[in-house]
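Trainee: I've got the viewer open and a pile of questions. Can we walk through this one together?
Mentor: Sure, fire away, and we'll reason each one out.

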Amino acid sequence: MNDLELQLHYPLGDALPAPGRCLEVAPGVKWIRMTLPFALNHINLWLLRDEIDGRPGWSIVDCCIHRDEAKAQWEDIFAHELEGLPVLRVIVTHMHPDHIGLAHWLCQKWDVDLWISALDYQVARLGCMGPTGFGGDRAADFFAMHGLNAPDTVAQIKARTNYFPSLVPSVPEQYHRLLDGTVLQIGGHAWRCISGYGHAPEHMALYCADLNILIGGDMMLPRISTNVSVYEQEPEANSLALFLDSIDKFKTLPEDTLVLPAHGKPFTGMHTRIQQLHDHHRDRLAEVMEACAEKACSAADILPVLFKRPMDLHQTTFAIGESIAHLHALWFAGRLHRALGADGVLRFGMAPA
Ligand SMILES: [Zn+2]
């Protein structure tokens, strides 16, 4: 545990759900932990005891990626954890593959509907349509403009057009729209949607005052800091400012709220965590300012400032998005000036006197 984690509290200690089984974290709230074949090696999913139109059953929150191992783990859960009841609906916090990947399979298997924000639904629909979605030439051009322009890197990014649809082959053809403030009645409890920006198009966290529980998705993680990136589809996004404004919305919830994060362990101490995240990004922004004060920097120049570890191409594409997000936060705040070099690379430096 690092120093910052010691400031948080983990009410369940080191307990984890066994593979293919759940751990009940509150009455009618079950924790599922599935493995992921990435550096981030697991995701937390949730089962909520529910009743729709007088029919008892379960709501699923988040789905894992599309792969056989995840389907097998779900089958195990269905065999052992549903108490003889059906799944009644699938709720997805946001459109990233580890959250929405198996939504189509789960909805089809149980003949139930999907609940998600409209933005995340539409972006996921676009993404799973394949090479017309994300990645490919446009992503390569965008990253090259931010200094990631070594010919072999550009070629590899251009070739990577199938990443999203390989993990999310399809999404259900209809959905129920979640908006900020939407209240879902789940198992006799009101769960209120809280929108969040900067990580996904329109992430929805779910808060239940009766149970004093927040399903935080990727917007409130205890250990790692949420990925906050700029992508080619919206090249001038100010994602970091959006993210920091969004997490401040959770300050209105009680300090002792039990947070159920998508990665890591359930924790309390959310107000402390919000401050830690602000401090973390303030320090990173200070480092970026310092580098840019010395000489104008591209996002690629900023990579070693923000990320001290060696990274593969996949991690580098995430990292360059984060670097752009930090440069943009300073640029939008008027603290950095942007200029397009003769080499076609955008660099950020001190404003000309
Ligand atoms: Zn995510």
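Trainee: In β14, which residue is the bridge partner of A339?
Mentor: Keep in mind that this is a predicted model. Strand β13 covers residues 337–340 and strand β14 covers residues 346–349, and 4 bridges join the two, running antiparallel. The partner of A339 in β14 is R347.

Trainee: Which residue in the turn of the β13 and β14 hairpin has a positive phi?
Mentor: β13 and β14 form a hairpin with 5 residues between them. In that turn, a positive phi of about 80 degrees belongs to G344.

Trainee: Let's go to the metal. Which residues coordinate the zinc ion?
Mentor: The donor residues follow the spacing H-x1-H-x102-H-x18-D in sequence, so look for three H and one D. Their donor atoms sit at 2.1 to 2.2 Å from the zinc ion. The residues are H94, H96, H199 and D218.

Trainee: How far apart in sequence are the parts that H94 and H199 tie together?
Mentor: H94 lies in the loop between β5 (87–91) and α3 (97–100). H199 lies in the loop between β9 (189–196) and β10 (203–208). Both coordinate the zinc ion, so the pair ties together parts whose separation in sequence is 105 residues.

Trainee: Are H94 and H199 buried or exposed?
Mentor: Buried means under 20% relative accessible area. H94 comes out at 0%, and H199 at 9%. Because both values fall under that cut-off, H94 and H199 count as buried.

Trainee: What is the arrangement of the 4 donor atoms around the zinc ion?
Mentor: For four donors to count as tetrahedral, all angles must lie between 85 and 135 degrees. Here the angles run from 90 to 174 degrees. The top of that range goes past the tetrahedral limit, and the arrangement is classed as irregular.

Trainee: Next, the open sheet of 5 strands. Which strands stand at its edges?
Mentor: The order is β8-β9-β10-β11-β12, with mixed pairing. Each edge strand has a single partner strand, so one side of each is left without a neighbour in the sheet. Those edge strands are β8 (183–186) and β12 (258–261).

Trainee: And what is the bridge partner of Q185 in β9?
Mentor: β8 and β9 pair in the antiparallel sense, over 4 bridges. In β9, the partner of Q185 is A190.

Trainee: What do the buried residues of α6 pack against?
Mentor: Helix α6 spans residues 136–145, and its buried residues include A139, F142 and F143. After the helix comes G147, with a positive phi near 100 degrees. The buried residues of α6 pack against α7 (151–159) and α12 (313–332).

Trainee: What is the relative accessible area of H146?
Mentor: H146 is found in the loop between α6 and α7. Leaving aside neighbours within four places in sequence, H146 is in contact with several residues, among them I320, I324, L346 and F348. H146 is buried, and its relative accessible area is 1%.

Trainee: Last one: how far apart in space are L48 and I60, C-alpha to C-alpha?
Mentor: L48 lies in strand β3 (residues 42–52) and is buried, with a relative accessible area of 2%. Beyond its neighbours within four places in sequence, L48 has contacts that include W58, V61 and I215. L48 and I60 are 12 residues apart in sequence, and their distance in space is 6.4 Å.

How values were computed. Residues are numbered from 1 along each chain as its sequence is written. This is a predicted model: local features need pLDDT of at least 70, side-chain atom pairs count only at pLDDT 80 or more; totals for chains, interfaces and linings use all residues. Side-chain values use heavy atoms; hydrogens and water are left out. Buried means under 20% relative accessible area, exposed over 50%, partly exposed in between (1.4 Å probe, protein chains only). Contact means heavy atoms within 4.5 Å. Donors are N, O and S atoms within 2.8 Å of the metal (3.2 Å for Na, K and Ca); water is not among the atoms, so sites may look incomplete. Four donors count as tetrahedral if all angles lie between 85 and 135 degrees; four count as square planar and six as octahedral if opposite donors are over 155 degrees apart and all others between 65 and 115; anything else is irregular. Two strands pair if DSSP finds at least two bridges between them.
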